[in-house]
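Biologist: I'm new to this structure and would like a close look at a single part of it. Could you pick one helix and walk me through what surrounds it?

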Amino acid sequence: ATFAKKNGYPLTAVYETVADQKNFDDILPIARTLIDDFRKGTYDKVVVAYTDYVSSLTQEPKIRQLLPLSPVDLQKMLQELGKDMSEAEAEAERMAEKYPIEEYVFEPNTEAILHYILPRLVEVQLYQAVLESAASEHSARMLAMRNASDSAGEMIGELQLTFNKARQ
């Protein structure tokens with residue numbers, strides 16, 4: 001927020017508590033604001049930039065389009081989820097291929113269900129981005145502290161050797 005204000009970027013809202021607490025309820029006001037402003041036409045597109053946690057040594061910057069929902073982004077997200085798919089999920093996928101969704105009847109109707117589910121998808125994607133970023137930050141801090149501790153240990157060893165030589 002400080003960077004944006006200093007450089008003249010307009011801010012719609014600032015949510016500072018999200019950095020401290022990673023609760024789903026803390027993400028809801030942000031998601032609701034994004035969805036409402038998108039529906040009003042304030043934004044043509046909503047994207048989230050975050051750090052994706054791959055491993056304790058690797059974090060990747062990612063940008064994901066939240067709104068409008070794009071079939072390409074949804075397919076990409078499903079492919080990423082499929083990387084660590086269990087047997088049960090693989091079976092569910094085979095069943096979905098065997099019995100396509102066009103054969104099901106939704107109640108009250110498909111449009112009402114999508115009107116309820118799609119905002120939840122945006123909320124969950126935003127929450128995932130916050131959690132991934134938090135995990136990446138913690139991992140990077142842990143690695144930095146380990147490197148600092150190792151460097152300090154080496155420095156202490158070198159200084160002790162130097163002092164011992166000087167003393168002798």
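Modeller: Let's take helix H2 and work outwards from there. Keep in mind that this is a predicted model.

A bit of orientation helps before we zoom in. The protein has five helices and two strands, and from the N terminus on they come in the order α-α-β-β-α-α-α. Of its 168 residues, 20% count as buried. Looking at contacts between residues at least 6 apart in sequence, 55% of them join residues at least 24 apart, and we'll meet some long links of that sort along the way.

Now to H2, which covers residues 24–40. What length should we expect for its 17 residues? At 1.5 Å a residue, the helix should span 24 Å, and its end C-alpha atoms are indeed 24 Å apart, so the two values agree. Just after H2 comes glycine 41, with a positive phi, near 95°.

Which residues of H2 are buried? They are Asp26, Ile27, Leu28, Ile30, Ala31, Leu34, Ile35 and Asp37. It's handy to remember that an α-helix has 3.6 residues a turn, so residues three or four places apart point the same way. You can try that idea on the list, taking Ile27, Ile30, Ala31, Leu34 and Ile35 among them. As for what covers the buried residues of H2, that includes strand S1 (46–53), strand S2 (59–67) and helix H5 (110–167).

Start at the beginning of the helix, with phenylalanine 24. At 30% relative accessibility, this residue counts as partly exposed, because buried means under 20% and exposed means over 50%. The structure holds two aromatic pairs. One of them joins phenylalanine 24 and tyrosine 127 edge-to-face, with 5.2 Å centre to centre and 85° between the planes. Phenylalanine 24 sits in H2 and tyrosine 127 in H5, so the pair links parts of the chain that are distant, 103 residues apart.

H2 also helps to line the largest pocket, whose volume is about 710 Å³. Of the 26 lining residues, those closest to the pocket's centre are Ala13, Tyr15, Ile30, Leu34 and Leu126. You've met Ile30 and Leu34 already, as buried residues of H2. H2, S1 and H5 are the elements that each give two or more residues to this lining, and S1 gives the most, with five. By class, the lining has 20 nonpolar, three polar and three charged residues.

Let's finish with the elements that cover H2, beginning with S2, where arginine 64 lies. Is arginine 64 buried or exposed? It counts as buried, because its relative accessibility is 9%. Leaving out residues up to four places away in sequence, arginine 64 touches Val46, Val47, Val48, Tyr50, Met77, Glu80, Gln125 and Gln128.

Over in H5 you'll find alanine 129, which also counts as buried, at 3% relative accessibility. The C-alpha atoms of alanine 129 and arginine 64 are separated by 8.9 Å, though these residues are 65 apart along the chain. Apart from neighbours within four places in sequence, alanine 129 is in contact with Val48 and Tyr50, and both of those are also touched by arginine 64.

Technical notes: Residues are numbered from 1 along each chain as its sequence is written. This is a predicted model: local features need pLDDT of at least 70, side-chain atom pairs count only at pLDDT 80 or more; totals for chains, interfaces and linings use all residues. Side-chain values use heavy atoms; hydrogens and water are left out. Helices (H or I, at least four residues) and strands (E, at least two) are DSSP runs, numbered from the N terminus. The expected span of a helix is 1.5 Å times one less than its number of residues. Buried means under 20% relative accessible area, exposed over 50%, partly exposed in between (1.4 Å probe, protein chains only). Contact means heavy atoms within 4.5 Å. On a 1 Å grid over the protein atoms alone, a cavity is a set of points where a 1.4 Å probe fits but cannot get out, and a pocket is an open set with protein on both sides within 12 Å along at least five of seven lines; lining residues have an atom within 4 Å of a point. Grid points are joined across faces, edges and corners, and a volume is the space filled by probe spheres set on the points. Ala, Val, Leu, Ile, Met, Phe, Trp, Tyr, Cys and Pro count as nonpolar, Asp, Glu, Lys and Arg as charged, and the others, Gly among them, as polar. Rings of Phe, Tyr and Trp (its six-membered ring) pair if their centres lie within 6.5 Å; planes under 30 degrees apart count as stacked, over 60 as edge-to-face and the rest as tilted.
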